[in-house]
Amino acid sequence: MKIFKKMDLVIIVILIIFSFIPHFIYSNVVSKNNKNLYATIKVNGKVHTTIDLPVASEKRLSISTDHGNNTIVINGNEIKIVDADCKDELCIKQGSISKVGKTLICLPNELIIEIKGDEYDSSDDLILSH
């Protein structure tokens, strides 16, 4: 007795593909509606540093917390953690981020890096109608 037929699998694959469409539309809208990009670095839930993006030249930051140390590299719009003294080093494996809404997190050291942007003011847009 077969549980799935061929057309059942085709429909399932099509539905999975369609489920990702809102993600791509939302990420495009969010990235286009921001004019001033900046990164916030939080330690223990409190803002430690705010950095305007893009930076002109590569910048290295060493962040020390009660739980450990992290080294962050900022180059243009990209931010990545290159060194951490946490056991699992998952924060290093996350790679770099460069778009609004993306985050890097080091849970053992209680460090959160997030890229944010001021919303584009559309009140000056000209609306033409017939």
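## Exercises on a four-stranded sheet and its surroundings

An open sheet of four strands has the order β3-β4-β5-β6, and the pairing is antiparallel. The model is predicted, so to speak plainly about its limits: local features need pLDDT of at least 70, side-chain atom pairs count only at pLDDT 80 or more, and totals for chains, interfaces and linings use all residues. Residues are numbered from 1 along each chain as its sequence is written, and side-chain values use heavy atoms, with hydrogens and water left out.

**Exercise 1.** Find which strands stand at the edges of the sheet.

*Solution.* Start with the terms: strands (E, at least two residues) and helices (H or I, at least four) are DSSP runs numbered from the N terminus, and two strands pair if DSSP finds at least two bridges between them. Next, look for strands with a single partner: these are β3 (55–64) and β6 (96–97), so each has one side without a neighbour in the sheet. Then step to β4 and β5, an antiparallel pair joined by six bridges. Within this pairing, Ile 74 stands opposite Ile 79 of β5.

**Exercise 2.** Place the sheet in the whole protein by listing its elements in order.

*Solution.* Count first: the protein has three helices and eight strands. Now read from the N terminus, which gives α-α-β-β-β-β-β-α-β-β-β. Contact here means heavy atoms within 4.5 Å. Of the contacts with a separation of 6 or more, 35% are between residues 24 or more positions apart.

**Exercise 3.** Decide whether Asn 70 is buried or exposed, and describe its surroundings.

*Solution.* Locate the residue: Asn 70 lies in strand β4 (residues 69–76). Apply the cut-offs, where buried is under 20% relative accessible area, exposed is over 50% and partly exposed is in between (1.4 Å probe, protein chains only). Asn 70 has 1% relative accessibility and therefore counts as buried. Then check its side chain, which makes a polar contact of 2.8 Å with the side chain of Asn 109. A polar contact is a pair of N or O atoms within 3.5 Å; within protein, one must be able to donate a hydrogen and the other to accept it, and residues adjacent in sequence count only if both atoms are side-chain atoms. Finally, leaving aside neighbours within four places in sequence, the contacts of Asn 70 include Ile 81, Asp 83 and Leu 111.

**Exercise 4.** Work out how Asp 83 is classed by accessibility.

*Solution.* Asp 83 belongs to strand β5 (residues 78–84). Its relative accessibility is 44%, so Asp 83 counts as partly exposed. For its position, note that the C-alpha atoms of Asp 83 and Thr 71, twelve residues apart along the chain, are separated by 5.0 Å. Beyond four places in sequence, Asp 83 is in contact with Asn 69, Asn 70, Thr 71 and Ile 92.

**Exercise 5.** Identify which strand gives the largest share of the largest nonpolar core.

*Solution.* A nonpolar core is a set of buried Ala, Val, Leu, Ile, Met, Phe, Trp, Tyr and Cys residues joined through side-chain atoms within 4.5 Å. The largest one has 22 residues, and Ile 41, Ile 72 and Ile 81 are among those with the most contacts inside it. At least two residues each come from β1, β3, β4, β5, β7 (103–106) and β8 (111–119). The largest share, four residues, is from β1. To finish, follow Ile 81: not counting residues up to four places away in sequence, Ile 81 touches residues including Ile 72, Leu 104 and Ile 113.
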